[in-house]
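The following exercises concern the strand arrangement, the salt bridges and the surface of one protein model. Each task is followed by a solution in steps.

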Amino acid sequence: MVKHIIVFKLKDNSAEGRQKLKEVLSSMTGNVPSARKIEVRIDQLRSARSYDVYLSVDVDSWDQLEEYQKDAYHVGVVKKYVHGVVENSVAIDYEI
């Protein structure tokens, strides 16, 4: 199993902006078959070094991660929205 984690820093990190991103990311559940588990959280500390939204996606294998990255819903809906609202993001991928 592979875990894909990304944290996002938003251009507009208002409560509404953070909640909307959470909803868009969460919408992958049931729409992206390669994603076994999706977890989305909003940062509560809100310090100067904090990122705003956390995404964790579990997939079965590295090949499934590649499928996830190319999935039509992920690319056409989620990434399209994310690229418009995110200032910066950081990712890590590892086997679990």
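A residue is called buried under 20% relative accessible area, exposed over 50%, and partly exposed in between. The structure is a predicted model.

**Exercise 1. Classify the two partners of the salt bridge between Lys70 and Glu66, and state how they are placed in helix H2.**

Step 1. The closest N and O atoms of Lys70 and Glu66 are 3.2 Å apart, and the cut-off for a salt bridge is 4 Å.

Step 2. Glu66 has 42% relative accessibility and therefore counts as partly exposed.

Step 3. Lys70 reaches 61% relative accessibility, so this residue counts as exposed.

Step 4. Because Lys70 and Glu66 are four residues apart in helix H2, about one helical turn separates them.

**Exercise 2. Determine which parts of the chain are tied together by the salt bridge of Arg36 and Asp60.**

Step 1. Four salt bridges are found in the whole structure. In one of them, the side chains of Arg36 and Asp60 meet at 2.2 Å, N to O.

Step 2. Arg36 belongs to the loop between helix H1 (15–26) and E2, while Asp60 belongs to the loop between strand E3 (53–59) and helix H2 (62–70); the pair therefore ties together parts that are 24 residues apart in sequence.

Step 3. Arg36 is exposed, at a relative accessible area of 56%, and Asp60 is partly exposed, at 37%.

Step 4. A further salt bridge joins the side chains of Arg41 and Glu39 (3.2 Å, N to O). Arg41 is partly exposed, with a relative accessible area of 47%, and Glu39 is partly exposed as well, with 24%.

**Exercise 3. Derive which strands stand at the edges of the sheet, and describe the pairing of strand E1.**

Step 1. The four strands form an open sheet in the order E2-E3-E1-E4, with antiparallel pairing.

Step 2. Strand E2 (37–42) and E4 each have a single partner strand, so they stand at the edges and one side of each lacks a neighbour in the sheet. From one strand to the next, the twist averages 15°.

Step 3. Strand E1 (residues 2–10) pairs with E4 in the antiparallel sense over nine bridges. Across this pairing, Lys3 stands opposite Tyr94, and Leu10 has Val86 in E4 as its bridge partner.

Step 4. E1 and E3 also run antiparallel and are joined by seven bridges. Here Ile5 stands opposite Ser56 in E3.

**Exercise 4. Explain why E1 is described as largely enclosed, and identify the helix that lies across E1 and E4.**

Step 1. Of the nine residues of E1, eight are buried, so the strand is largely enclosed by the rest of the structure.

Step 2. Helix H3 (residues 72–85) lies across E1 and E4, and runs at about 130° to E4.

**Exercise 5. Identify the residues of the nonpolar surface patch, and locate Ile92 within the fold.**

Step 1. The patch is formed by Met1, Ile92, Tyr94 and Ile96, which together have about 370 Å² of accessible area.

Step 2. Ile92 is placed in strand E4 (residues 86–95).

Step 3. The relative accessible area of Ile92 is 47%, so the residue is partly exposed. Membership of a patch requires over 30% relative accessible area.

Step 4. Tyr94, a further member of the patch, is the residue in E4 that stands opposite Lys3.

Technical notes
Residues numbered from 1 in each chain as written. Predicted model: local features only at pLDDT ≥ 70, side-chain atom pairs only at ≥ 80, totals over all residues. Heavy atoms only, no water. Patch = residues over 30% accessible without salt bridge, like charges linked within 9 Å, V, L, I, M, F, W, Y side chains within 5 Å. Areas by Shrake-Rupley, 256 points an atom, 1.4 Å probe, with all protein chains shown as cover. Helix = DSSP H or I, 4+ residues; strand = E, 2+ residues; numbered from the N terminus. Buried < 20%, exposed > 50% of the residue type's maximum accessible area, 1.4 Å probe, protein only. Pairing = 2+ DSSP bridges. Axes fitted to C-alpha atoms, helices over the stretch in contact; angles between N-to-C directions. Contact = heavy atoms within 4.5 Å.
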